[in-house]
Amino acid sequence: MIDDLDQLLTGNELGGGDVIVAGVLMAAGLALAFLIGWWRRRELGRPHTQSAQMLSLLSRIAQVLVIAVFAGWALTRLGSDIGFLTVVVLVALLIGVLAFRPILEGMGASAALTTRPAFGIGDEISVGDVVGEVIEITNRSTVIKLRDHRKVHIPNVNMLDKTVTVFTIDGERRSSVEVTLGCETDVDHAEAVLRDALGALDEITRVGSIRARGLREGVELSIRFWHPSSIVAGNDAIDVAVRTIKRTLLREGITMAPPVEIDIVNGPGDPLST
């Protein structure tokens, strides 16, 4: 068996001691790589922070390097020439680059997301059709928890190319309700009673402008108000504002313009009529 190994590697004679030393070196390399992996699993577990993710990646790279170094050392003890060892190292490096390229790209995007002030853990954001709370930014994806507690993983490299709306960047956020009143409405009186009614609500921190926007089907009003910035607080504020506006208009006898629907029908002289 040793003679066959001689021919495979260098053609030189190998002693039993060289084979034993090479085997010991390989065993030592594997054992050291196992200890590094054991330490990573024990100390880091599933890394949640950027520094922990970087440390986990470095430990994996260290495992690969340890195995490569000890394998090269063992091959040298067996008499392998430097050319063969160089090919082995280059192949190992190529495999490592291909294996870690997606991770490195994801970590680069993750670093960009966590270092720029656009949003962070705990912020509520909107990305396309996804609206929810950012609960984690891993080395590969941004994890968003929806209101029904589903989790959406968006790749970090994609997050850099998307338009992100942040709801909780400040303590307050503004919403509005559009309402159309009858043309006979006293706009000043309607504004006064609506401002008083909305200002008394706990869900609304302050009432903003109430502006007349047009006179197409009636007096079109845009009623703006401020509320806490979270998505839930915004939904609650809009809900209670709509209900309060409706009750206030009914109490004050202010009519709302009915919705306009236009139906096109065939007249009696139309050749298509039946």
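1. In this predicted model, K145 has its bridge partner in strand β4, namely K151. The two strands concerned, β3 and β4, pair in the antiparallel sense, and five bridges join them.

2. β3 and β4 also form a hairpin, with five residues between the strands. One residue to look at in the turn is H149, whose phi is positive, at about 70 degrees.

3. Strand β3, residues 141–145, has strand β2, residues 130–137, as another partner. This pairing is again antiparallel and runs over four bridges. Among the residues involved are E136 and V143: the bridge partner of E136 is V143, in β3.

4. These pairings belong to an open sheet of five strands. Read across, the order is β4-β3-β2-β1-β5, with antiparallel pairing. At the edges are β4, residues 151–155, and β5, residues 164–166, each of which pairs on one side only. From one strand to the next, the twist averages 40 degrees. As background, strands of a sheet pair through backbone hydrogen bonds, in either a parallel or an antiparallel way.

5. A separate point concerns the helices. L32, F34, L35, W38, W39, L55 and L58 make a nonpolar patch of about 680 Å² on the surface. Two elements give two or more residues to the patch: α2, residues 16–43, and α3, residues 50–77. Helix α2 supplies the largest share, five residues. L35 is a residue of this helix.

Terms used:
Residues numbered from 1 in each chain as written. Predicted model: local features only at pLDDT ≥ 70, side-chain atom pairs only at ≥ 80, totals over all residues. Heavy atoms only, no water. Pairing = 2+ DSSP bridges. Axes fitted to C-alpha atoms, helices over the stretch in contact; angles between N-to-C directions. Patch = residues over 30% accessible without salt bridge, like charges linked within 9 Å, V, L, I, M, F, W, Y side chains within 5 Å. Areas by Shrake-Rupley, 256 points an atom, 1.4 Å probe, with all protein chains shown as cover. Salt bridge = Lys/Arg side-chain N within 4 Å of Asp/Glu carboxyl O.
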